[in-house]
Structures are given as C-alpha cells and as structure tokens.
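Grab a pencil and work through the exercises below with the model open beside you. Each task comes with a solution that goes step by step.

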Amino acid sequence: MITGATAGFGKATAVQFAQKGYDIIITGRRKERLDQLEKELLSFGNIKVLSLNFDVRNREEVAAVIASLPEEWKAIDILVNNAGLAVGMDHIDKGNIDDWERMIDTNIKGLLYVTRAVTPLMVARNKGHIFNLGSIAGKENYEYGNVYCASKSAVDSLSRSMRIDLLKNNIRVTNIAPGMAVTEFSIVRFKGDEEKAGAVYKGIDPLTGKDIADVIYFCATLPDHVCINDLIITPTQQAGVNHNYRRI
Ligand code: NDP
Ligand code: 8X3
C-alpha cells in the first residue's frame with residue numbers, strides 16, 4: 001500500500017513493485033491520476049490493483065476506508081507512508097499559518113492516521129514492513145525550512161518509535177530521508193511557480209522518483225531478519241541541506 005501514489009516517489013514505487021509482480025493499493029486525492037495509474041500498473045501483467053481515493057488528513061475517512069478493505073486486501077505486507085508536501089518558504093515571523101497547518105496535518109497527522117489504521121492488520125499477521133518518507137530536512141535544518149523541517153523531524157522520531165513499539169510483532173520500519181529530488185515537490189511548495197521550482201535543481205543532477213523506488217524495493221526484498229533502519233540519500237552533488245555543488 002502506497003500513500004500519495006499519483007506523483008513522484010509514490011508513483012515510481014508503485015511502478016517498481018508492479019513490474020516485480022506485487023499486488024498494489026494506490027492512494028491519493030486526484031482520482032483521474034489514480035485511474036490512469038491503475039491502468040498503467042495493470043498493463044504490467046498478472047497483478048491486482050486497488051485504488052483508494054482519499055485525503056490522508058481526513059481522520060474519519062482514513063479509518064473508514066481501511067476498515068472497509070475487502071478481506072483479500074487486508075493482508076498488507078508493505079506500507080509506504082509517502083503522502084506529504086512542503087508548502088511555502090518563509091522566516092518564522094512571516095510564515096503563512098495555513099501552510100504550516102497543511103504540512104503538519106499531512107506529514108505528521110495524516111501519516112499517523114494511516115499508520116494507526118494499517119498497523120493492527122500487520123500486528124494480527126505478525127508480519128509487515130513500514131516505510132516512512134522522512135527527509136534530509138528532518139535531519140538538518142535550513143533557512144526558511146522551519147515547519148517543513150519540523151514535520152520531517154517528527155517523521156524521523158516516529159520511525160524510531162514505531163520500530164520500538166512493533167519490535168515484538170516482527171514488523172520492519174525503515175525511515176527514508178532523501179535530499180534533492182525532482183518530482184512535483186517544488187511545484188507544490190511554490191504553489192505552481194515552475195520557474196522557482198526549476199531553480200531549486202539548477203546545475204544539479206537531482207534524484208528521481210525511480211532512484212527512491214529502487215532503494216525502497218531493495219530494502220523491502222532483503223531477508224526477513226534484516227531491517228534497514230534509516231537511509232539518507234542525496235544526489236552526488238549534495239552533502240547536506242546547506243551544501244550543494246552546482247555546475248553553472
Ligand atoms: P510529489 O508532490 O511529486 O508527490 C506527493 C504525493 O503525495 C502525491 O501523490 C500527492 O497526491 C500525495 N499527497 C499530498 N497530500 C496528500 C493528502 N493530503 N492526501 C493524500 N495524498 C496526498 O512529491 P514527492 O514524491 O517528492 O514527495 C513524496 C514524499 O517525499 C513527501 O512526503 C515529501 O515530503 C518527501 N520528500 C520529497 C523530497 C523531494 O525533494 N522531492 C525529498 C525528501 C522527502 P494527491 O495530490 O493526488 O493527493
Ligand atoms: C525535501 C528535501 O531539502 O528540499 O524533503 O527540504 S529539501
């Protein structure tokens with residue numbers, strides 16, 4: 001099950017697992033994109049796909065959708081908590097509080113709602129692997145990043161707690177912390193301003209959705225007794241949130 005499968009890392013991860021023959025639950029808010037992706041995934045061959053169209057911020061909806069999963073879909077082996085976003089970039093004294101709420105509601109609370117609904121299914125089977133999409137921004141802070149960085153620090157912390165709490169249930173928890181990756185992330189952050197979004201990656205050969213999908217697939221297919229706890233993945237031209245080498 002992959003949250004936020006309509007774009008970026010989530011979509012690339014769905015494609016990767018579908019190509020390897022996994023049945024997949026894809027989720028997101030944009031219904032047309034889900035329908036389109038469902039068709040694409042089914043074209044890879046003998047797999048099943050279930051599309052669930054919901055907003056991770058809606059606590060009741062998340063609980064209801066997972067509770068009403070058809071019986072054959074309740075055996076979720078892998079949950080990729082990927083849905084998330086950054087919105088805006090401002091100093092703390094000028095930040096837009098609506099933007100802050102969107103990040104906190106999606107990146108922290110949404111991730112928690114999905115996790116709370118799915119983990120009992122894994123616990124019941126004594127089996128599972130949870131991937132949380134944190135960020136390098138959860139490890140280090142950068143100017144103007146304040147609330148986004150805080151939301152990803154929370155993901156980082158929750159990954160550690162989930163690993164402790166689910167230890168006896170044979171559930172692996174992997175925190176994935178990417179650096180600069182070209183997806184729709186910056187377009188969303190800059191509210192559709194493609195020029196500003198493009199400038200983020202100027203002179204950099206950034207990560208792609210496929211790079212992160214490859215890493216998730218690698219971690220997920222290690223032997224059951226091996227758990228990769230935490231991975232920071234950057235483009236070769238990035239050595240931290242404040243250290244990039246731009247070829248310009
Ligand atoms: P994209 O914008 O390309 O994709 C984000 C996905 O999240 C979309 O499928 C979107 O689907 C979904 N989503 C956002 N809000 C909600 C919501 N409220 N309910 C359900 N789904 C939602 O970004 P990325 O692929 O880059 O980002 C994926 C994750 O990786 C995020 O958590 C991000 O913070 C993190 N990340 C990104 C990095 C980057 O540089 N790109 C680096 C480090 C971490 P829809 O709009 O259809 O709902
Ligand atoms: C996205 C990476 O450095 O743009 O999580 O915040 S960064």
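A polar contact here is a pair of N or O atoms within 3.5 Å. Keep that cut-off in mind, and remember that you're looking at a predicted model.

**Exercise 1. Find the side chains that make polar contacts with ligand 2.**

Step 1. Start with the neighbours: S135, I136, A137, Y142, Y148 and F185 surround ligand 2.

Step 2. Check Y142. Its side chain has an N or O atom 2.5 Å from an oxygen atom of ligand 2, and that is within the 3.5 Å cut-off, so the pair counts.

Step 3. Do it again for S135, where the distance from a side-chain N or O atom to an oxygen atom of ligand 2 is 2.6 Å. For the side chain of Y148, the distance to a ligand 2 oxygen is 2.6 Å.

Step 4. Now look at how covered the ligand is. On its own, ligand 2 exposes 240 Å², and the protein buries 84% of that.

Step 5. Sort the neighbours by class. The shell around ligand 2 has five nonpolar residues, one polar and no charged ones.

**Exercise 2. Describe the surroundings of ligand 1.**

Step 1. Count the shell: 29 residues surround ligand 1, and the closest are T6, R29, D55, Y148 and T183. You've met Y148 already, in the list around ligand 2.

Step 2. Look for polar contacts. The side chain of D55 puts an N or O atom 2.8 Å from a nitrogen atom of ligand 1. The backbone joins in too: an N or O atom of F9's backbone is 2.9 Å from a ligand 1 oxygen, and a polar backbone atom of G179 is 3.4 Å from an oxygen atom of ligand 1.

Step 3. Work out the cover. Ligand 1 alone has 880 Å² of accessible area, and the protein covers 96% of it.

Step 4. Ask which elements take part. Helix 1, helix 5 and helix 6 each give two or more residues to the shell around ligand 1.

Step 5. Split the shell by class, and you get 12 nonpolar, 11 polar and six charged residues.

**Exercise 3. Which pocket holds ligand 1, and which holds ligand 2?**

Step 1. Ligand 1 takes up space in the largest pocket. Ligand 2 sits in the largest pocket as well.

Step 2. Get a feel for that pocket: about 1,100 Å³ of space lies in it. It is lined by 48 residues, and those closest to its centre are G84, L85, Y148, T183 and F185.

Step 3. Trace the elements. Helix 1 (8-19), strand 1 (24-28), helix 4 (97-125), helix 5 (146-165) and helix 6 (185-189) each give two or more residues to the lining. The largest share, four residues, comes from helix 6.

Step 4. By class, the lining of the largest pocket has 22 nonpolar, 16 polar and 10 charged residues.

**Exercise 4. What lines the second largest pocket?**

Step 1. Begin with the space: the second largest pocket holds about 280 Å³.

Step 2. List the lining. There are 15 residues, with M1, D23, I24, A75 and D77 the closest to the pocket's centre.

Step 3. Name the elements. Strand 1 and strand 3 (78-81) each supply at least two residues of this lining.

Step 4. Finish with the classes: the lining of the second largest pocket divides into 11 nonpolar, no polar and four charged residues.

Notes:
Residues numbered from 1 in each chain as written. Chains lettered and ligands numbered in written order. Predicted model: local features only at pLDDT ≥ 70, side-chain atom pairs only at ≥ 80, totals over all residues. Heavy atoms only, no water. Near = heavy atom within 4 Å. Polar contact = N/O pair within 3.5 Å; in protein donor to acceptor, adjacent residues only side chain to side chain. Areas by Shrake-Rupley, 256 points an atom, 1.4 Å probe, with all protein chains shown as cover. 1 Å grid on protein atoms, 1.4 Å probe; cavity = no way out; pocket = protein on both sides within 12 Å on 5 of 7 lines; lining within 4 Å. Sits in = over half its atoms within 2 Å of the grid points. Nonpolar A, V, L, I, M, F, W, Y, C, P; charged D, E, K, R; others polar. Points joined across faces, edges and corners; volume = space filled by probe spheres on them.
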